[in-house]
Amino acid sequence: MIAELNTAPDLITADDLPVFRLPLPDVTYDGIRPLRLQLSAFLNAHGIAPACAAMLALTASEILTNLAKHPPEKSRQTEVKLRLHPKFAALDISDDSTAFAEFDARCHEARRKPAAAECLEESGYGLACILRQHAQVSYTPKTASPDGLNHFRVRHVYPVKTAFAASAAKHKLFLVDDDAVQLRRHEAMLSSHYDVICFDRAMMAAKAFEKERPELVVSDLNMPEMDGIGLRQALSALPRGNATPFVFLSAETAKENSPYISELGVDDFLLKPVKPEKLLGVVRRLLARAGQVRRAHEGRFHADVTDALKPALPARFGNWRICVRTVAAEAGGGDFTLSQQTSGHFLAVLADVMGHGQQAKFFSYAYAGYLRSLFRLQAAGADPTQFLANLSRSIDGDALLESIILTCQSFQLFPDGRAAIASAGHPPPLLLRAGGAVALESAGPLPGLMVDANYNLLTLQLARGDKLVFATDGFLAPFGHEGSARPRLIAQLDDLTETGAEAAADALWQHFESINHTTLKDDATLVVAEYGESP
């Protein structure tokens, strides 16, 4: 699938371990994105946590990007192999290009100055990035390898919580009591069901709250120094403190109905001695209620995020007609658009944050806000390549943004029918004109993948009735794998040469919906821009 876009990886099992293997006839920028998607799909299918999958896919992309850019003698025999062991993933990228000189010395320098990309002339930004993400990285030149190939190997140890080490996480509770006997008794009641952290002083529990972030606190009422009331007050002043369920334990029945205690926001009051079933029942009920409240807030938050991210562009610019069709997945990476227009040009960005799950949707929202600020500051005097280069430089050295995979396409429309396009890891656009549809050559590295990335500017002169079609991966996926998606889409477009932008967008979107028979895992966006309509 790399280079010719028609090769599928070997998905085999060796010694009962899943293995991804893909030989590459050559390594090009165009081929890196489809490989990353195949690799991510393989990792997700085997239950690897999204953060780990994104990290491994990004590492493979960076190694291949350096192979495409740096060696004087390019590789003619490259293979990507990833083996999933129970506790780690082993990535091995082999090639026959010019060997990476002074690898160990460059690793030492990169670890010592991880943000100083200028000291990594041959590896670019990527070596520092890889070393920050993986503890075990090695390189064997072809002169020292039995098979006569260079081998770049990375071993990534999974975090504790992965599909290969899948023990369900327990809810974390704080248990606070100055009476050692009572503390151990109640711990014994709870510890088989929950992760219990015990404190014999309330002050210590208050100090540990922000670090440990318990989901519920069970505390004795009467204690020296700081009592249970003082603990509740201290926690209420901390982030998340008021939202954390709090249960009092006390032998004093007179205080059970105290108005002062009820005003503290205490969720329950249990009298000592408490029976195991009573304590467990209260804890179970309060955790379930807290979960319902959290999910309700998250649902509202993600609905708001989805509305804020929803791609939208002006319907017209001069003689241009612009149509957008989009649908958002319930969770997962998001699509968003940005645009700015003057009397002389219209500049737009179509971006796609990769990933699945609620975390990816949050990252989409964060990235959209960041990109919007950058766009407003720089877009007025920038063409598409300059904007993408500025974005790539801005990502460099930012730990959060470096951990997020983003594809991006920027296009500029002019009143006289000219168009300029640049892509950063994004699917190339298509041109629909009399005679049929053609795929345009527009490719470039992912933003932040290399220091001083250069993006090619594709310029076109459109005639009246010509249309440009831009789309995200979520729209293209139902048409088939990367190698077959574009021909199928072009065949559909060939029937739309005489239709306007609105009708063409509707027809394409109806076809997308008719062939998309699976649950939507990724946002899908389609943009059709037609030149020639009267303003």
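**Exercise 1.** In this predicted model, find the loop that holds G344 and decide whether the residue is buried, partly exposed or exposed.

*Solution.* Start with the place: G344 sits in the loop between β14 (335-341) and β15 (346-353). Next, take its relative accessible area, which is 35%. Buried means under 20% and exposed means over 50%, so G344 counts as partly exposed. Now look for its contacts. Leaving aside neighbours within four places in sequence, G344 touches F317, F414 and P415. Finally, compare G344 with G318: they are 26 residues apart in sequence, and their C-alpha atoms lie 9.8 Å apart in space.

**Exercise 2.** Work out which strands stand at the edges of the open sheet that contains β12.

*Solution.* First write down the order of the 6 strands: β12-β13-β22-β21-β18-β19, with antiparallel pairing. Then check the ends. β12 (316-317) and β19 (436-439) each have a single partner strand, so one side of each lacks a neighbour in the sheet. For β12, the pairing with β13 (residues 320-327) is over 2 bridges, and R316 stands opposite R321 in β13. To finish, add helix α15 (residues 501-515), which packs on the sheet and touches β13, β21 (467-471) and β22 (524-531).

**Exercise 3.** Find out how strand β10 (residues 246-250) is enclosed and paired.

*Solution.* Begin with burial: 5 of the 5 residues of β10 are buried, so the strand is largely enclosed by the rest of the structure. F246, F248 and S250 point one way, while V247 and L249 point the other. Then follow the pairing. β9 (residues 216-220) runs parallel to β10, joined by 4 bridges, and V217 has F246 as its bridge partner. β10 is also joined to β11 (residues 268-271) by 4 bridges, again in parallel; there L249 partners L270.

Conventions. Residues numbered from 1 in each chain as written. Predicted model: local features only at pLDDT ≥ 70, side-chain atom pairs only at ≥ 80, totals over all residues. Heavy atoms only, no water. Pairing = 2+ DSSP bridges. Contact = heavy atoms within 4.5 Å. Axes fitted to C-alpha atoms, helices over the stretch in contact; angles between N-to-C directions. Buried < 20%, exposed > 50% of the residue type's maximum accessible area, 1.4 Å probe, protein only.
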